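Visitor: I am new to this structure and would be grateful for a close look at a single part of it. Could you choose one chain, describe how its parts pack, and then turn to its partner?

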Amino acid sequence: MIARWFGRLTRGAMLGFFAYLIFAPIANLALWAVAIQWYFPHKLPLTYGFRYWYDVFKPTSDAVASLGTSLVIAVITVAVCLLMAVPAGYALGKRRLPWRGPILLILLLPQAFPSVAVYLNVARLFYIVGLNGTIAGVVLVHAVHGLVIAVWIAAAAFAAVDPELELAARNMGASAARTVFTVTLPLAAPGLIAASIFVFLESLDEFTGTYFVGVPDVTTLPLMMFNASLNGNYQIAAITALILLVPSILFMLLIERFLSTETLAKIG
Amino acid sequence: MSGSAPSPTLPRGHGGGRSAAPAASRWGPASASAFLLVAPAVATVLALFVYPVCTSLVSAFTSRQGQLGFDNFAKTFALYGGDIIFTLLIVLVSTALIAVLAAAIGGYLVLGRHPGAVAALKWLYRWPLFVPFIVAAQCMRSFLAKNGMFNNTLDALGLVDVGTLGGLLDWRGVIVTFVWKETPFVALLVAGAMAALDRSGIEAARNLGASGMRILCEIIVPQIAGVFTVGLVLAFVTMLSVLSVPLMISGGSPTMITVDMAFRVNSYSDYGVANALGVVSYLIAAAAGWAYIRRNLAEAAA
């Protein structure tokens, strides 16, 4: 009896400690978001309020402008990525492809290399061709990074489409193109949507590439948060960080719908 | 979120097209059109990734006078030798901690005897999975500060007096941030692989009286070593490439080489030394990648 209670207590304590480690950093951030005055040695803010939220969300604020920039960049990045990843994923998942290995290797490279050195050379290149500090330049950098995951998920989605269904469509007289657009693409759509969400989030959260390529004219939300934090403006930084946190947490909660742990086990 | 996506390898059993028509010639019109379909993606990666990597190599080995040589590397090791070692240590320690925690989480999810506790852990551990590095860094910047919640918790528990404590915003903060952010990713891969294992071996060992720890270390982990290595290598390379976390958490000296690269370019426009540091980071990543390839070769041979 005592042993059982002891076991229950230790388990509870361990889980509580684990929950603290996971949530306390986020809670500290949330606290800063609603603090007006907070300085050492006070353990909690002296005054609370939403004054800084007003500063962040008023229409003329830097945060609203950079949120807009971030969303525009993320949407264009998804479009650019899908335009390249859907045909590539289709070829990799469904078609016979010469040099399949080397092509896969090239497409996977951006995920396997430390990126900072690459970005600073991209920035140097973009400076020469006039893409530095432009939305187009930032979109290209985000698209290359997102392409890896987009091609990978698209290829898996196309490979999972049952060839019998496509054959049936062909046997009933549908052209190859019509089969692709009315059978293959709709069946692969859930995977393609998952890929789009991935790319969207990656673009929204991207910091390093934008830091080198976007300056000084393109300020995305992560860059704005970074500047606020380094200038010691903890409230503004905390509120913008929370804005970035919401889609990430939502996606984490949704991911099980797209990828179960059992599917993930087949990777690698 | 770089690197926190699932492993960039295709699921096994894809590419049905290859086996569908093995007799057809390798270079038929069908394969040419397939080639055209991948061309835009491949061209983009070649232009915006492979080409910059090549220019970084050329720049690293070109001295200020425009001659080929190791000048930049001599300067790099003199100025940033300490930071290179510091970077390696931080990333290695973080990877080791992530390995232990991910194995522990995965192990409890498979072996735990209390459904409630297993469900709670399963719900808990994923939260930081898609949190961007920059947000994680901002969380830790407040959490680990001198007046952060971490110190204040210790103080409230009566363990220490907060007045005597400094913050943890140095190498320790960087490691905490990395482990907090990357453990869920590796744990997710590991837990998935563990859940897919044949349970009969585990049950047999349990019936013979083996402890949970022993089952985890001697039966489960060896069977999922492949996925485990993939996850750890990806986490390692990701942490090696992160700029925001060391910038925000340990701006001063010593710091990680990503910060030095940005500083070299922004303050001195010294692309030679920045790219030499870049080549060092490629080499470190290649060493990690080599561990992964060797693992795969060993599995292929077995």
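Guide: The account that follows concentrates on chain B and then turns to its contact with chain A and to some details of chain A. The model is a predicted one, and what is said below should be read in that light.

Chain B contains 13 helices and zero strands, so that its pattern along the sequence is α-α-α-α-α-α-α-α-α-α-α-α-α. Of its 302 residues, 48% are counted as buried. Among the contacts in chain B with a separation of 6 or more, 75% join residues that are 24 or more positions apart.

A suitable place to begin is the pair formed by helix 3 and helix 4. Two packed helices are described by the angle between their axes and by the distance between the axes. For helix 3 (residues 71–111) and helix 4 (residues 115–124) of chain B, the angle is about 140 degrees and the axes are 9 Å apart. The crossing of helix 3 and helix 4 of chain B is left-handed. On the side of helix 3 of chain B, the residues that meet helix 4 are Ile105(B), Tyr108(B) and Leu109(B); on the side of helix 4 of chain B, they are Val118(B), Leu121(B) and Lys122(B). By class, the residues of this contact comprise five nonpolar, no polar and one charged.

Helix 3 of chain B also has a part in the surroundings of helix 9. Helix 9 (residues 212–223) of chain B has 12 residues, and the distance from its first C-alpha to its last is 16 Å, close to the 16 Å expected at 1.5 Å a residue. Ile215(B), Leu216(B) and Ile220(B) are buried in helix 9 of chain B. These three lie on the same side of helix 9 of chain B, because they cover an arc of only 95 degrees around the axis. The buried residues of helix 9 pack against helix 3, helix 7 (171–195) and helix 8 (199–207) of chain B. On the face turned away from the buried side of helix 9 of chain B are the exposed residues Met213(B), Arg214(B), Glu218(B) and Pro222(B).

Helix 12 of chain B (residues 257–268) may be examined in the same manner. Its 12 residues should span 16 Å at 1.5 Å a residue, and its end C-alpha atoms are indeed 16 Å apart. In helix 12 of chain B, the buried residues include Ile257(B), Thr258(B), Val259(B) and Asp260(B). Met261(B), Ala262(B), Arg264(B) and Val265(B) are buried in helix 12 of chain B as well. The cover over the buried residues of helix 12 of chain B includes helix 3, helix 10 (225–241), helix 11 (244–249) and helix 13 (271–301) of chain B, together with helix 5 (116–129) of chain A.

Helix 12 of chain B is followed by Ser269(B), which lies in the loop between helix 12 and helix 13 of chain B. Most residues other than glycine have a negative phi. Ser269(B), however, has a positive phi, near 50 degrees. Ser269(B) counts as exposed because it has 10 C-beta neighbours inside 10 Å.

The contact between the chains comes next. Chain A contributes 86 residues to this contact and chain B contributes 94. Helix 1 (residues 2–33) of chain A gives the most to the side of chain A that touches chain B, with 12 residues. That side of chain A has 65 nonpolar, 11 polar and 10 charged residues.

One residue of helix 1 of chain A, Leu15(A), leads back to the place where this account began. Leu15(A) touches Ala117(B), Ala120(B) and Leu121(B), and Leu121(B) is one of the residues of helix 4 of chain B that meet helix 3. With 15 other C-beta atoms within 10 Å, Leu15(A) is partly exposed.

Chain A has backbone details of its own. Trp99(A), in the loop between helix 3 (62–94) and helix 4 (100–112) of chain A, has a positive phi near 55 degrees. Trp99(A) counts as partly exposed, with 14 C-beta neighbours inside 10 Å. In the loop between helix 9 (208–213) and helix 10 (221–230) of chain A is Pro216(A), and the peptide bond from Val215(A) to Pro216(A) is cis, with omega near 0 degrees.

Terms used
Residues numbered from 1 in each chain as written. Chains lettered and ligands numbered in written order. Predicted model: local features only at pLDDT ≥ 70, side-chain atom pairs only at ≥ 80, totals over all residues. Helix = DSSP H or I, 4+ residues; strand = E, 2+ residues; numbered from the N terminus. Buried ≥ 20, exposed ≤ 12 C-beta atoms within 10 Å, placed from the backbone. Contact = placed C-beta atoms within 7 Å. Axes fitted to C-alpha atoms, helices over the stretch in contact; angles between N-to-C directions. Left-handed = near helix turned anticlockwise from the far one by under 90°. Nonpolar A, V, L, I, M, F, W, Y, C, P; charged D, E, K, R; others polar. Expected span 1.5 Å × (residues − 1). Arc of directions from axis to C-beta. Lists of a residue's contacts leave out its neighbours within four places in sequence.
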